[in-house]
Amino acid sequence: MAEKTEVLYGHENILKFMLPRYPSIKENIDACYDYSGPPDVEKVEPVWQELLKLEKRGIKIRFLTDMRKENIESCKKFLNLKTLEMRHLDGIKGNFGIADRREFLEHIINREDEPLTHAIFSTAKGIVDARQYVLT
């Protein structure tokens, strides 16, 4: 399969791109979110529902985030997922996920409390490997 990288614009376009990809995940998702990530993911109901489906399928989810008082309730909700492992790192920056160590999606929020505005998707091995290294 040829490597590709593309930029996505707008919350709705990003969701239309992301949501159909969840059913094709076979083994794991590794994700890195700053402190605002857990509440943001939890608020987007279609994404939360896809995570619940992944859990039912036994897909392993690893989550690196900055756990703070601002996001602790969301973190607790995530920790109820049986296949999820969460780790804390003070001040971590970035909002990205890697599916099956082959697809990378980084999402950008221009202002807090606003939906996603931009995302970068890539299957380029060098990009995926570099981001995966942060999570191992």
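How many of the 6 residues of strand 2 are buried? I looked this up first, in what is a predicted model. I found 6 of the 6 buried, so strand 2 is largely enclosed by the rest of the structure.

**Entry: strand 2**

I checked the two faces of strand 2 separately. One side carries Asn-28, Asp-30 and Cys-32, the other Ile-29, Ala-31 and Tyr-33, and both faces are covered. This follows a general pattern: in a regular strand the side chains alternate between the two faces of the sheet.

Next I looked up the neighbours of strand 2. It is joined to strand 3 by 6 bridges, and the two run parallel. Within this pairing I noted Asp-30, which stands opposite Arg-62 of strand 3. Strand 2, residues 28-33, is also joined to strand 5, here by 5 bridges and in the antiparallel sense. I noted two of the partners: Cys-32 is bridged to Phe-96 of strand 5, and Tyr-33 has Asn-95 as its bridge partner there.

**Entry: strand 5**

Is strand 5 enclosed by the rest of the structure, and how many of its 5 residues are buried? I found 5 of the 5 buried, over residues 95-99, so strand 5 is largely enclosed as well. I then sorted its residues by direction. Asn-95, Gly-97 and Ala-99 point one way, while Phe-96 and Ile-98 point the other way.

Besides strand 2, strand 5 pairs with strand 6: I found 4 bridges between strand 5 and strand 6, which run antiparallel. Ala-99 stands opposite Glu-103 of strand 6. The two strands form a hairpin with 3 residues between them. In that turn I noted Asp-100, whose phi is positive, at about 50 degrees.

**Entry: Ile-61 in strand 3**

I picked one residue of strand 3, Ile-61. Its relative accessible area is 2%, which is under the 20% limit, so Ile-61 counts as buried. I also took its separation from Glu-6: the two are 55 residues apart in sequence, and their C-alpha atoms are 24 Å apart in space.

**Entry: the cysteines**

How many disulfides are there? I counted 0 disulfides. The closest cysteine sulfur to that of Cys-32 belongs to Cys-75 and is 12 Å away, which is too far for a bond because a disulfide needs the two sulfur atoms within 2.5 Å. Cys-75 is accordingly in no disulfide. I checked burial for both cysteines. Cys-32 has 0% relative accessibility and counts as buried. Cys-75, at 1%, counts as buried too.

**Entry: the largest pocket**

I looked up the volume of the largest pocket and got about 590 Å³. Its lining comprises 34 residues. Those nearest its centre are Met-18, Tyr-22, Tyr-33, Leu-105 and His-107. Tyr-33 had already come up as the bridge partner of Asn-95.

I then asked which elements give two or more residues to this lining. They are helix 1 (11-18), strand 2, helix 2 (37-43), helix 3 (45-56), strand 3 (60-65), strand 5 and strand 6. Strand 5 gives the most, with 5 residues. By class, I recorded 23 nonpolar, 5 polar and 6 charged residues in the lining.

**Entry: helix 5**

Which residues of helix 5 are buried? In this helix, residues 125-135, I found Val-128, Gln-132 and Leu-135 buried. Seen down the helix axis, the buried residues fall within an arc of 45 degrees, so they line one face of helix 5. The general rule behind such spacing is that an α-helix has 3.6 residues a turn, so residues three or four places apart point the same way. On the face turned away from the buried side of helix 5, I noted the exposed residues Gly-126 and Tyr-133.

**Entry: Glu-114**

Last, I looked up where Glu-114 lies. It is in the loop between strand 6 (103-108) and strand 7 (118-122). Its relative accessibility is 31%, so Glu-114 counts as partly exposed. I set Glu-114 against Lys-4: they are 110 residues apart in sequence and 28 Å apart in space, C-alpha to C-alpha.

Definitions and conventions. Residues numbered from 1 in each chain as written. Predicted model: local features only at pLDDT ≥ 70, side-chain atom pairs only at ≥ 80, totals over all residues. Heavy atoms only, no water. Buried < 20%, exposed > 50% of the residue type's maximum accessible area, 1.4 Å probe, protein only. Pairing = 2+ DSSP bridges. 1 Å grid on protein atoms, 1.4 Å probe; cavity = no way out; pocket = protein on both sides within 12 Å on 5 of 7 lines; lining within 4 Å. Points joined across faces, edges and corners; volume = space filled by probe spheres on them. Nonpolar A, V, L, I, M, F, W, Y, C, P; charged D, E, K, R; others polar. Arc of directions from axis to C-beta.
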